[in-house]
Amino acid sequence: MDEDVLEVAYLPAPIPPSPQFPDSYENYRGRGTPLIIDNGATTLRFGFCTSDSPKFGPNIISKYKDRKSNKPLVLFGDAVDTEPGARNQAKTPWEGDILLNFDALENALDYAFVQLGIDTPNVDHPVMMTERLSSNLHSRALTSELMFELYSVPSLVYCVDSVMSFYHNNKPPHGQFTADGLVISFNTASTSVIPILNGKGILSNAKRIPWGSSQVTEYLLKLIQLKYPTFPTRVTSPQANWMLQNFCEFSSDYPALLRSLSDPVALARLGKIIQFPFSQPTVDEKTEEEQARLAEKRKEQGKRLQEMAAKVRMEKLEAKEKDLREMLELRDRKVQTNELEYFHMLHAEGFEGDGALDFAIKKLEASLKKSKKKDGDEEPASLAKTSIPNTYTLHQDEPAIFPLVDVPDAELDEDQLKEKRKQKLLKAGWEARMKARNEKQREKEEREADERRETEDRERDLTAWASGLRKHQEAIINRIKDRARRKAALSDRKSAAAQARMKKIASLANDERVPKKRKKGNGDDMFGADDADWAIYRKINTTEKSSDEEEELQQLQTIEQKLLTHDPAFTIEDTHAYISTKRSALISAFKPVYDEGDPAGKTRIHLNTERWRVCETWFSPSMAGVDSAGIGEVVQNILAAFSAAERARLTQAVFLTGGPSQLPGLAGKTEAALRPILPPDVPLRIVKALDPSTDGWRGMADFSQTDEFARVGITKADYDEWGGERIKKWWGGNWNMAV
């Protein structure tokens with residue numbers, strides 16, 4: 001494989017986490033600075049609103065007991081991978097798109113407050129925290145209970161992270177926030193679309209798709225596992241996520257891209273190679289003296305083997321000569337004993353008669369002669385004694401004469417009767433050869449006549465002759481393809497072809513042509529009584545190769561050779577072999593095959609069509625088997641609920657946020673999906689977040705420093721009176737779910 005054509009990327013080695021030390025709390029002690037927590041399903045971001053950037057870490061917790069110290073440990077984020085057994089016990093606060101594991105959330109918040117340096121019994125800071133779009137009341141109630149009962153925060157504000165990301169990218173320098181736009185947020189377990197008018201999220205018209213980056217990662221992992229079922233290394237979800245982030249991208253016209261990738265050169269050029277770690281096989285280098293000693297040892301071993309083989313051959317040869325002498329002695333006893341005694345002697349040695357004895361002698365003589373010739377020895381003298389002289393000679397061009405065949409047995413003595421039997425056998429063989437010879441001559445004459453007729457037809461009308469052969473070629477190719485498709489379908493037991501095969505087998509097992517009495521008495525099977533039975537047999541027998549297939553391939557080669565010779569319009573590219581080779585080249589570009597002795601090639605993953613296929617599922621989830629509308633259809637349904645003027649305001653800023661929005665080509669794909677559903681005069685502008693990962697946290701920090709922040713929070717008194725489900729209506733939260 002030419003590595004200059006395909007770009008090779010190496011799987012990054014795991015980096016051990018660096019130690020994290022708590023910040024100083026003195027600058028925030030007693031000041032009531034708002035605390036911002038972005039509780040994402042993948043990453044937990046936290047910090048004070050006045051910080052330049054948040055602290056963050058993977059939102060994963062593992063309670064682990066250290067074997068050395070025998071003390072329980074709680075590991076957060078990257079530290080989970082430092083202990084071998086901690087990963088198996090790890091869990092996150094989120095189960096898909098729902099906040100469920102509040103023990104893990106409590107541990108994660110403990111880690112966050114420790115890292116911020118908070119050393120007071122209570123967290124005396126207003127908290128602004130994210131929740132998912134249309135969060136269920138149970139999750140919100142338990143989160144509020146955790147914040148008010150355990151940490152005793154003075155107030156709590158819930159918000160939607162994608163709306164706050166839009167706020168950070170569109171906030172005015174002064175005055176009230178009144179921006180319009182359509183927010184498309186790519187999250188871990190879902191994708192949400194939220195319309196915003198006059199700076200307020202219209203959550204009653206928001207939609208959420210149950211398809212996010214975690215599902216896309218698992219989909220990519222399944223595609224890799226299907227493509228490489230025997231890959232020597234286990235491919236993990238974090239590795240698949242790394243491939244998604246670094247090599248996958250969106251295509252504005254996915255069908256056109258697939259058509260362009262039907263060219264093997266283009267497919268190889270646009271592919272990516274991911275090299276997994278591998279170990280080079282160790283080669284034991286030996287000195288010249290060791291190599292010479294091993295060569296001499298192998299030579300001696302070979303010589304001993306040759307001597308042993310020669311000894312075995314000699315023993316076999318001696319045994320054969322002994323058997324031949326015994327059989328010759330047995331035949332010589334015929335003149336020394338009477339016929340009955342001789343007959344008993346033959347039976348005692350295992351021969352049924354003279355013919356069997358003569359046949360065994362001839363066979364053994366031929367074997368001895370072959371063995372002697374192979375060993376370079378002379379023919380044994382015993383062979384000259386055992387040959388029976390012929391009383392006649394057959395020539396190929398002369399008629400055979402068998403004088404004793406028509407003579408009655410009564411007129412012949414015992415030796416002549418034996419000779420008559422031999423002549424009968426020879427006559428039958430001669431007649432069979434003559435019949436086959438005449439049949440070949442007849443077939444040759446018919447073939448020459450067909451060739452003359454074909455030549456006359458070709459000279460009379462070349463176009464019609466070539467058209468007929470092309471139709472015949474196409475029919476044969478279609479039959480070959482149908483046979484290949486049927487074999488592929490039969491390999492799947494749930495396919496229609498496999499089910500039909502089982503029905504045929506069941507119907508044959510219950511053959512109605514067998515009478516009931518014979519069925520009860522285990523009567524003979526009637527299969528094969530009708531010629532149609534064998535057609536059914538060929539359909540249900542998937543392992544045996546059909547002779548028709550070989551004949552069709554020979555016919556196809558003959559037809560294509562004639563077309564190449566006489567039809568100028570028929571080229572090599574029209575032949576079945578070229579078409580198959582071209583497809584093989586495409587398959588080789590899709591999944592190259594490496595030599596057995598190439599350990600690096602065996603641990604490589606080639607990404608080509610998968611790079612765009614997995615991203616296309618955001619706009620067509622049905623490709624991955626998810627019964628859901630894509631982003632384009634969801635946006636169309638949302639815009640249909642607004643007036644024409646409002647639709648124009650929304651599409652002037654289609655805002656893309658969330659971690660997966662950083663994948664290349666998303667803006668072009670979104671525009672290609674939305675432009676056809678909008679009138680030509682409606683403006684469409686695609687805007688990406690400046691930093692999709694942290695803009696949500698920064699927007700929350702910006703809002704917490706405004707006067708409005710104090711009015712939208714739930715206090716401890718509100719919690720005691722109304723419960724944890726209560727929130728206040730405001731433009732950045734789930735205000736449609738408010739009490």
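**Strand pairing, helices and aromatic contacts in a predicted model**

Q: What makes strand 5 and strand 7 a pair?
A: The two strands are antiparallel and are joined by two bridges. Two strands pair if DSSP finds at least two bridges between them, so strand 5 and strand 7 meet the criterion. Helices (H or I, at least four residues) and strands (E, at least two) are DSSP runs, numbered from the N terminus. One position in this pairing is Ser 62, which stands opposite Ala 90 in strand 7.

Q: On what basis do these statements rest?
A: This is a predicted model, in which local features need pLDDT of at least 70 and side-chain atom pairs count only at pLDDT 80 or more, while totals for chains, interfaces and linings use all residues. Residues are numbered from 1 along each chain as its sequence is written, and side-chain values use heavy atoms, with hydrogens and water left out.

Q: Why do strand 6 and strand 7 count as edge strands?
A: The sheet is open, with three strands in the order 6-5-7 and antiparallel pairing. Strand 6 (72-76) and strand 7 (90-91) each have a single partner strand, so one side of each lacks a neighbour in the sheet.

Q: How do you know that strand 5 and strand 6 pair?
A: Five bridges join strand 5 (residues 61-65) to strand 6, and the strands run antiparallel; the requirement of at least two bridges is therefore met. Within this pairing, Tyr 64 stands opposite Leu 73 in strand 6.

Q: What makes helix 1 count as packed on the sheet?
A: Helix 1 (residues 102-115) touches strand 5, strand 6 and strand 7, where contact means heavy atoms within 4.5 Å. The direction of helix 1 makes about 90 degrees with that of strand 5 (axes are lines fitted to C-alpha atoms, for helices over the stretch in contact, and angles run from 0 to 180 degrees between N-to-C directions).

Q: How do you know that the span of helix 2 agrees with its number of residues?
A: The expected span is 1.5 Å times one less than the number of residues. For the 14 residues of helix 2 (residues 137-150) this should be 20 Å, and the end C-alpha atoms are 19 Å apart, which agrees.

Q: Why is the pair of Phe 177 and Trp 731 called tilted?
A: The structure holds 22 aromatic pairs. In this one the ring centres are 5.2 Å apart and the planes stand at 45 degrees, so the pair is tilted. Rings of Phe, Tyr and Trp (its six-membered ring) pair if their centres lie within 6.5 Å; planes under 30 degrees apart count as stacked, over 60 as edge-to-face and the rest as tilted.

Q: Why are Phe 177 and Trp 731 called buried?
A: Phe 177 has 8% relative accessibility and Trp 731 has a relative accessible area of 9%. Buried means under 20% relative accessible area, exposed over 50%, partly exposed in between (1.4 Å probe, protein chains only), so both residues count as buried.

Q: What makes the pair of Phe 703 and Trp 731 edge-to-face?
A: The planes of Phe 703 and Trp 731 stand at 90 degrees, with 5.5 Å centre to centre; the angle is over 60, so the pair is edge-to-face. Phe 703, at 1% relative accessibility, also counts as buried.

Q: Why is Lys 227 said to lie over the face of Phe 590?
A: Lys 227 is at 3.9 Å from the ring centre of Phe 590. A charge sits over a ring if NZ of Lys or CZ of Arg is within 6 Å of the ring centre and within 35 degrees of the ring normal, so the distance satisfies the first condition. Arg 458 likewise lies over the face of Trp 465, at 5.3 Å from the ring centre.
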